[in-house]
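Here are some questions about how the terms used for a protein model are justified. Each reply sets a value against a rule.

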Amino acid sequence: MSSPEPTSSAHPTPVSAANGAPADPVEGPQPAEPVLVPLSAPSEGIPEVINTAPGLNRAIRALRGGQGALAVDTERASGFRYGQRAFLIQLRREGAGTWLIDPEELDTLQPLADFVNSEAWVLHAATQDLPCLHAEGLYPDELFDTELAGRLAGFPRVALGTMVAQLLNLKLAKEHSAVDWSTRPLPESWLNYAALDVEVLLDLRERMEVVLAEQHKLEFARQEFEYVRTMPEAEPPAEPWRRLSGIHKLKNRRALAIARELWLARDALARSRDVAPGRLLSDSAIMVAVQHRPSSVPQLLQIPGFHGRSAKRDAPRWLDAISRGKRTQDVPDLRQAGNGLPNPRAWTEKNPAAADRLGAAKAAVTEVSEAWNIPAENLITPKYLRQLAWEPPTSASAPAVEEALEQLGARPWQRELLRAPLATALAK
C-alpha cells in the first residue's frame with residue numbers, strides 16, 4: 001500500500017503553506033477549558049441483571065432488533081476470586097439499549113454466542129476482556145478497540161474516562177472499577193457504573209474513526225484490530241511461580257525450591273476455594289518464610305503475613321510445603337531455562353554487532369514513531385525488533401527487511417513504514 005503523509009497529533013497543529021512548518025500561534029484570547037458534563041446514569045435507566053434462560057432469550061431478541069455494532073464490556077473479580085473469569089457481561093446496541101448478563105448464574109451462554117459471534121464488537125482495551133469472553137465461548141466477528149485506537153492516534157492517555165472527556169466532553173465516574181464483582185446481588189450503584197461503561201463506547205468509536213481518518217491511520221487501526229481479534233490464546237508460563245514478587249532476591253536453588261513449593265500449595269488451595277491467591281498468602285509473606293524456613297506452627301505464625309485465624313488453620317499446609325522444598329532433590333535452576341534471546345543488557349558482551357544494530361534500529365523506530373505520533377511499541381513489537389537486530393536478514397535491503405518483519409508477525413502497515421528506515425539502520 002502507498003504510505004500516506006504522517007500527522008503529528010490527534011489534533012494537528014496548523015501549518016504554514018510556505019514550508020510545512022508549524023504556524024505561529026494565533027494571538028488573542030485562548031478558549032477556556034470545556035466544562036465536562038457529568039454522566040451519572042444510563043439514558044434508559046439501570047438495566048436489570050439477566051440471570052435466567054428466558055431472560056437471556058429476551059435480551060438476545062432485543063439485541064437482534066437493534067442495528068450496528070455491539071458495545072461490549074466485562075467486569076471481573078481480580079484480587080478476590082481465582083482466575084480472570086467474567087462475573088458480568090455488558091452489551092449495548094443502537095435501538096436495543098443496554099443489557100447486563102450474569103454468566104455465573106446461567107447454565108449456558110450458547111444462545112448468546114450463536115448471536116454475538118457473527119457481530120461486530122466495540123471494546124475498550126480488548127486484550128483485557130477477550131480472554132474471559134473467549135472462556136464463555138464468545139468471539140467477535142469484527143473488532144474495534146477504542147483504547148488501541150487512542151494509542152495509534154497519539155493520545156498521551158487512553159483510559160476510557162480520559163478519552164470520553166476529551167472526545168465526548170463527558171465526565172465518566174470510575175469509582176467501582178476495583179470492587180468484588182462476584183458479589184451477589186450486585187449493588188445498584190455498581191450496575192449503574194457497569195451500564196455507563198458501554199453507554200459511551202459506540203459514540204467514542206464513531207469519534208475515533210474520524211480522528212484516525214484525519215490522521216490517515218484508519219487502515220493501520222483496522223489491521224491492528226484484526227490482529228488482536230485473531231490473536232491466539234497466550235501459552236501459560238512453564239514455571240509460573242517464578243513470577244513471585246521479590247523472587248529475584250533469592251540467590252540459591254534451595255531457596256527457590258521452597259518458594260516454588262509454597263507457590264504451588266497456595267495456588268492449589270486458591271483454586272479449590274475460588275479465591276485470589278494473594279488473599280490466602282501474600283508474595284511478601286512467602287519470601288519471608290523462605291528466608292526463615294520455620295519448622296513448627298509457632299515459628300511460622302511469628303512471620304509477618306502468617307497472622308490471623310486463616311493462617312493458623314492453614315499453617316500445616318504451609319509447613320508441609322516448606323518441608324518439601326527443604327528435602328526435594330528436584331531443585332530448580334537459578335534462572336529459568338532460556339527460550340529466547342539474551343537480555344539486551346548482555347548484548348554488548350555477547351554479541352557487540354547485534355548490540356550496535358539494536359541501537360541503530362531503535363533510533364530509526366523512534367524517528368518514525370515521532371513523525372507519525374504512534375508509540376514505538378505499537379509501531380513494532382519490541383521482541384520483533386530484538387530478533388531482527390540479533391539475526392538480521394542476509395541482505396540489508398528494504399525488501400529483505402520487509403520479508404523478515406512479515407515472518408515475525410508485523411502487520412502490512414508496520415512493514416510499509418519501517419522497511420526502509422530499518423534497512424538503513426541494519427546496514428550501518
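Q: How close do the axes of helix H9 and helix H13 come, and at what angle do they cross?
A: In this predicted model, the axes of H9 (residues 253-273) and H13 (residues 309-327) come within 7 Å and cross at roughly 145 degrees. The crossing is right-handed.

Q: What makes residues of H9 and H13 count as meeting?
A: Contact means heavy atoms within 4.5 Å. Residues of H9 that meet H13 include Ile258, Leu262 and Leu269, and their counterparts in H13 include Trp318, Ala321 and Ile322. The residues of this contact divide into 8 nonpolar, 1 polar and 10 charged.

Q: Which UniProt feature covers residues 252-332, and what is the span made of?
A: The UniProt record, an unreviewed entry, lists residues 252-332 as "domain: HRDC". In the model this span is 73% helix and 0% strand, and its end C-alpha atoms lie 9 Å apart.

Q: Why is leucine 56 called buried?
A: Buried means under 20% relative accessible area. Leucine 56 has 2% relative accessibility, so leucine 56 counts as buried. Leucine 56 is in helix H1 (residues 53-64) and touches Ile50, Ile101, Leu106, Thr108, Leu109 and Leu112, leaving aside residues up to four places away in sequence.

Q: Why does asparagine 192 count as buried?
A: The value for asparagine 192 is 14%, which falls under the 20% cut-off, so the residue is buried. Asparagine 192 sits in helix H6 (residues 188-199). Beyond four places in sequence, asparagine 192 touches Ser40, Ala41, Pro42 and Ile46.

Q: Why is histidine 216 called partly exposed?
A: Partly exposed lies between the limits of 20% and 50%. Histidine 216 has a relative accessible area of 42%, so histidine 216 is partly exposed. The residue is found in the loop between helix H7 (201-214) and helix H8 (218-229). Its phi is near 60 degrees, a positive value in a residue other than glycine.

Q: What is said of phi at asparagine 169, and why is this residue called partly exposed?
A: Phi of asparagine 169 is near 60 degrees, which is positive, and the residue is not glycine. Its relative accessibility is 29%, so asparagine 169 counts as partly exposed. Asparagine 169 lies in the loop between helix H5 (160-168) and strand S8.

Q: Why should residues 8-29 be read with care?
A: Over residues 8-29 pLDDT stays under 50. Where pLDDT is low, the predicted coordinates should not be read in detail. For the chain, the mean pLDDT is 91, and 92% of residues reach 70 or more.

Definitions and conventions. Residues are numbered from 1 along each chain as its sequence is written. This is a predicted model: local features need pLDDT of at least 70, side-chain atom pairs count only at pLDDT 80 or more; totals for chains, interfaces and linings use all residues. Side-chain values use heavy atoms; hydrogens and water are left out. UniProt positions are given in the numbering used here, feature names are shortened, and annotations may be inferred rather than shown by experiment. Helices (H or I, at least four residues) and strands (E, at least two) are DSSP runs, numbered from the N terminus. Axes are lines fitted to C-alpha atoms, for helices over the stretch in contact, and angles run from 0 to 180 degrees between N-to-C directions. A crossing is left-handed if the near helix is turned anticlockwise from the far one by less than a right angle, and right-handed if clockwise. Ala, Val, Leu, Ile, Met, Phe, Trp, Tyr, Cys and Pro count as nonpolar, Asp, Glu, Lys and Arg as charged, and the others, Gly among them, as polar. Buried means under 20% relative accessible area, exposed over 50%, partly exposed in between (1.4 Å probe, protein chains only). pLDDT is the predictor's confidence in each residue, from 0 to 100.
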